[in-house]
Amino acid sequence: MYTLINWLRERISKKKENKSNKSSEVKNNKKSKFYRPKYRVPADVKLHWIMPIIFAVSVLLILISGIKIHKNVAAYKAKVLASSMSYGSELPLWGGTTNAKLTLGNTVLSKDGKTLAVEVKYDDIARNTLSSFGKNYRLRLVVTDKNKMPDAVIKYGMFSTDGSGVLTVHSKHGFKNQAFIVMLVDRGYLVSANTLTTDGDTYTDDDLDKSITAQLADADASNNSSSTKKDDKNIPPIFYMRLNAHNARRSKTNWSNDREIVRSLFIDRNIKAKQKDINKNLKKIEQGNNTIKEMEQRLKENPDDQTAQKQLPSLKNSVSSLRASVDSQQKSVDKLKNSVIRKNILEPKETTYKRYIVDTLDIKRR
């Protein structure tokens with residue numbers, strides 16, 4: 001009986017074991033059927049979605065940079081086109097050689113903005129070697145295609161034989177905010193004493209224009225034909241000034257004659273400058289007198305005050321000199337205020353010119 005029971009137990013145990021094994025085999029088969037191995041994804045594959053964004057941002061930055069560079073270049077070109085010579089600038093030579101020096105003086109634009117007046121100052125050498133009459137000069141105008149100035153009226157005269165030159169440029173339509181170049185050539189240099197006594201070639205007006213045209217085109221003089229080629233030493237000195245009416249001081253009035261131009265360009269400014277010096281000297285005189293009173297009071301209290309004894313005489317001399325200077329300046333101001341200036345004080349003037357149109361004013365001189 002006991003052995004029968006044990007046998008039954010063993011049978012039941014084996015059945016359970018077989019069932020358990022079959023169950024685990026089924027589970028393992030299911031797992032093996034749906035199992036997928038896990039691999040480590042590389043970093044560059046994880047970030048693959050960022051690459052298109054980076055590309056798009058790069059393209060956008062390149063476009064923005066291109067637009068900004070274009071704007072900066074355009075702004076620079078506009079600034080260059082508008083730039084002009086400042087007060088006191090020495091007029092450079094376009095061609096020829098000379099020891100004479102011309103400098104740019106006052107520039108004034110009329111109230112209506114249609115007439116520009118320019119002062120040209122002469123040094124002592126220029127007074128001795130250049131003409132003192134405006135009629136004896138050649139005028140040349142150089143402009144760009146965007147600022148042709150076809151209606152410009154240009155005149156050049158001299159304010160007395162020992163004064164400054166006065167250039168006026170009038171445009172009935174006003175001026176653009178762009179620069180232009182005016183060349184100034186003295187006729188006296190076209191034929192000098194040396195060229196009259198030698199066999200060298202002399203420059204005519206046609207030769208002068210051919211030379212300027214060649215230089216504007218950046219051409220070499222050696223490329224010219226033998227019939228027009230001239231020795232460089234005989235070329236007259238060609239001064240030039242770069243101007244922009246918008247950079248000039250604005251006048252409160254319009255001008256109808258030379259006298260009004262001269263007053264606005266020279267007289268009124270000189271009176272203003274001299275009056276400013278007079279006011280400074282008057283203030284110094286007042287300060288000097290106050291110090292003199294202080295020193296005199298010191299000597300009353302203490303006749304042995306060495307500081308007062310030393311300073312009082314020099315102070316009185318300085319104040320006396322300042323008073324003399326003020327009197328002289330005041331007489332000069334009164335003379336300017338009461339001076340009689342002819343309406344045609346700048347005559348005889350040069351009123352004709354030739355115009356050249358170029359692509360840019362940043363041109364190389366030969």
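Start by selecting strand β3, residues 115-122, together with β6, and you will find that the two pair in the antiparallel sense over six bridges. This is a predicted model, and the tour keeps to what can be selected in it. Within this pairing, pick V120 and look across to β6, where its bridge partner is G165. Strands of a sheet pair through backbone hydrogen bonds, either parallel or antiparallel.

Now widen the selection to the sheet that holds these strands, an open sheet of five strands in the order β5-β6-β3-β2-β9, with mixed pairing. At its edges stand β5 and β9, each of which pairs on one side only.

Next, turn to another open sheet, again built from five strands with mixed pairing, whose order is β1-β8-β7-β4-β10. Here β1 and β10 (354-358) are at the edges with a single partner strand each, so one side of each is left without a neighbour in the sheet. Going from one strand to the next, the twist averages 30 degrees. Inside this sheet, select β4 (residues 137-144) and β7 (residues 180-186), which are joined in the antiparallel sense by six bridges. Y137 is a useful residue to highlight, with D186 of β7 as its bridge partner.

Keep Y137 and D186 selected, since both belong to the lining of the largest cavity, and add L102, L130, L184, V185, P237 and F239 to complete that lining. How many cavities of 30 Å³ or more does a search of the whole structure find? The search finds one, and the volume of the largest cavity is about 30 Å³. Strand β7 gives the largest share of its lining, three residues, and by class the lining has seven nonpolar residues, one charged residue and no polar ones.

From the cavity, move on to the aromatic pairs, of which the structure holds four. Select W94 and Y240, an edge-to-face pair with 5.5 Å from centre to centre and 90 degrees between the planes. Because W94 lies in strand β1 (residues 93-95) and Y240 in strand β8 (residues 238-243), this pair ties together parts that are 146 residues apart in sequence. W94 counts as buried, at 1% relative accessibility, and Y240 also counts as buried, at 13%.

For another aromatic pair, select F159 and F266, whose ring centres are 5.2 Å apart and whose planes are at 10 degrees, so the pair is stacked. This pair links distant parts of the chain, with F159 in the loop between β5 (153-158) and β6 (165-170) and F266 in helix α7, 107 residues apart. Are these two rings buried or partly exposed? F159, at 21% relative accessibility, counts as partly exposed because the cut-off for buried is under 20%, whereas F266, at 7%, counts as buried.

Helix α7 leads to the last stop, the largest pocket, which holds about 310 Å³ of space. Thirteen residues line this pocket, and those closest to its centre are R249, S251, K252, S264 and D268, which can be selected together. Both β9 (249-250) and α7 (258-301) supply at least two residues of the lining, and α7 provides the largest share, six residues. If you colour the lining of the largest pocket by class, you will see eight charged, four polar and one nonpolar residues.

Conventions. Residues are numbered from 1 along each chain as its sequence is written. This is a predicted model: local features need pLDDT of at least 70, side-chain atom pairs count only at pLDDT 80 or more; totals for chains, interfaces and linings use all residues. Side-chain values use heavy atoms; hydrogens and water are left out. On a 1 Å grid over the protein atoms alone, a cavity is a set of points where a 1.4 Å probe fits but cannot get out, and a pocket is an open set with protein on both sides within 12 Å along at least five of seven lines; lining residues have an atom within 4 Å of a point. Grid points are joined across faces, edges and corners, and a volume is the space filled by probe spheres set on the points. Helices (H or I, at least four residues) and strands (E, at least two) are DSSP runs, numbered from the N terminus. Ala, Val, Leu, Ile, Met, Phe, Trp, Tyr, Cys and Pro count as nonpolar, Asp, Glu, Lys and Arg as charged, and the others, Gly among them, as polar. Rings of Phe, Tyr and Trp (its six-membered ring) pair if their centres lie within 6.5 Å; planes under 30 degrees apart count as stacked, over 60 as edge-to-face and the rest as tilted. Buried means under 20% relative accessible area, exposed over 50%, partly exposed in between (1.4 Å probe, protein chains only). Two strands pair if DSSP finds at least two bridges between them. Axes are lines fitted to C-alpha atoms, for helices over the stretch in contact, and angles run from 0 to 180 degrees between N-to-C directions.
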